Amino acid sequence: MAASLPRLSLPPTAALPAVTSSRYRPDLAPVPNRRRLGLRLHRSPVVPAAAASSPSLLSSSPQPGSGIGDALGGVAIFSAATGEPVLIRDLWDQNEGMAVVALLRHFGCPCCWELALTLKDAKERFDSAGVKLIAVGVGTPDKARILAERLPFPLDYLYADPERKAYDLLGLYFGVGRTFFNPASVKVFSRFDSLKEATKNYTIEATPDDRPSVLQQGGMFVFKGKELLYARKDEGTGDHAPLDDVLNICCKVPVA
């Protein structure tokens with residue numbers, strides 16, 4: 001019998017009990033409205049020669065008062081390990097530290113599990129280059145722990161953004177069309193083996209109770225301190241940033 005992969009579907013409400021936790025307090029993480037901040041991701045007209053072929057390299061000099069690094073740093077997400085809120089700016093050295101911030105889809109998405117496994121396999125390369133890996137997914141910390149335990153994935157590098165505040169700030173795509181009908185998602189079918197490997201212990205119980213959250217797309221960002229070096233928004237489900245592009249950016253930039 002041919003192997004099958006988990007379906008991408010909206011879970012029935014009854015199958016997902018409400019989450020109650022004294023630690024999970026999204027009210028501790030107020031974020032200014034992205035439009036009010038005037039944040040925009042601008043393509044840079046001048047790029048380093050080594051990265052000139054990358055369509056995802058963005059301006060490293062946001063306009064004063066609307067810096068993406070500063071704004072993102074003020075967002076609070078939740079540690080999968082402890083359930084406690086933490087500001088993004090506290091996760092790496094904001095002066096010279098290098099970080100890969102991978103915004104996954106929701107924790108119940110099979111493609112999220114596949115990307116998490118890819119990042120886990122690349123973690124040794126990130127570590128050797130002095131780059132901090134930060135994986136963020138949509139859902140509560142208990143949903144993140146389901147993925148971490150079953151995949152498995154190191155808890156110390158996994159975070160939850162239940163209200164999708166970082167996603168909204170960065171303007172990542174959201175909606176039915178992007179999730180289920182975008183042509184970019186076709187490439188998922190070329191990765192059958194990696195999806196099969198990543199989802200061998202998959203469970204739909206990792207899906208957020210907030211059903212609209214399953215329509216959120218992800219993206220990949222590389223920072224040096226507060227400076228944005230690379231950004232790519234997923235066009236559709238499973239349209240992940242090429243790992244080689246990420247490694248070429250973050251592992252070739254000198255780390256102080």
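User: How many salt bridges does a search of the whole structure find?

Analyst: Happy to start there: the search finds 12 salt bridges. A salt bridge here is a side-chain nitrogen of Lys or Arg within 4 Å of a carboxyl oxygen of Asp or Glu. Please keep in mind that this is a predicted model, where local features need pLDDT of at least 70, side-chain atom pairs count only at pLDDT 80 or more, and totals for chains, interfaces and linings use all residues. Residues are numbered from 1 along each chain as its sequence is written, and side-chain values use heavy atoms, with hydrogens and water left out.

User: What makes Lys 123 and Asp 127 a salt bridge?

Analyst: Their closest N and O atoms are 2.6 Å apart, and the cut-off is within 4 Å, so the pair qualifies. Both residues belong to helix H3 (residues 110–128), 4 residues apart, which is about one turn of the helix. Helices (H or I, at least four residues) and strands (E, at least two) are DSSP runs, numbered from the N terminus.

User: Why is Lys 123 called buried, and why is Asp 127 called partly exposed?

Analyst: Buried means under 20% relative accessible area, exposed over 50%, and partly exposed in between (1.4 Å probe, protein chains only). Lys 123 has 14%, so it is buried. Asp 127 has 42%, so it is partly exposed.

User: What does the salt bridge between Arg 164 and Asp 210 tie together?

Analyst: The closest N and O atoms of Arg 164 and Asp 210 are 3.6 Å apart. Arg 164 sits in the loop between E5 and H5, and Asp 210 in the loop between helix H7 (192–198) and strand E6 (219–224), so the pair ties together parts that are 46 residues apart in sequence. Arg 164 is buried at 18%, whereas Asp 210 is partly exposed at 37%.

User: What is notable about the phi of Arg 164?

Analyst: Arg 164 has a positive phi of about 60° although it is not a glycine. Most residues other than glycine have a negative phi, and most peptide bonds are trans. On that second point, a cis peptide bond joins Leu 151 and Pro 152, with omega about -5°. Pro 152 is in the loop between helix H4 (141–150) and strand E5 (158–160).

User: Which residues are joined into one network by salt bridges that share partners?

Analyst: Arg 232 pairs with Asp 234, the closest N and O atoms being 3.7 Å apart, and both residues are buried. Salt bridges with shared partners join Lys 187, Arg 232, Asp 234 and Asp 239 into one network.

User: How do you know that Cys 109 is in no disulfide?

Analyst: A disulfide is a pair of cysteine sulfur atoms within 2.5 Å, and the structure holds 0 of them. For Cys 109, the nearest cysteine sulfur, that of Cys 111, is 4.5 Å away, so the pair fails the cut-off. The sulfur of Cys 112 is 6.2 Å from its closest cysteine sulfur, in Cys 109, which is too far for a bond. Cys 109 is buried at 0% relative accessible area, and Cys 112 is buried at 2%.

User: Which residues make the nonpolar surface patch?

Analyst: Val 176, Phe 180 and Phe 181 make it, with an area of about 310 Å². Patch residues have over 30% relative accessible area and no salt bridge; like charges are joined within 9 Å, nonpolar side chains (Val, Leu, Ile, Met, Phe, Trp, Tyr) within 5 Å. Phe 180, in helix H6 (residues 176–180), is partly exposed at 35%, so it passes the accessibility cut-off of over 30%.

How values were computed. Accessible areas come from the Shrake-Rupley method with a 1.4 Å probe; for residues, only the protein chains shown count as cover.
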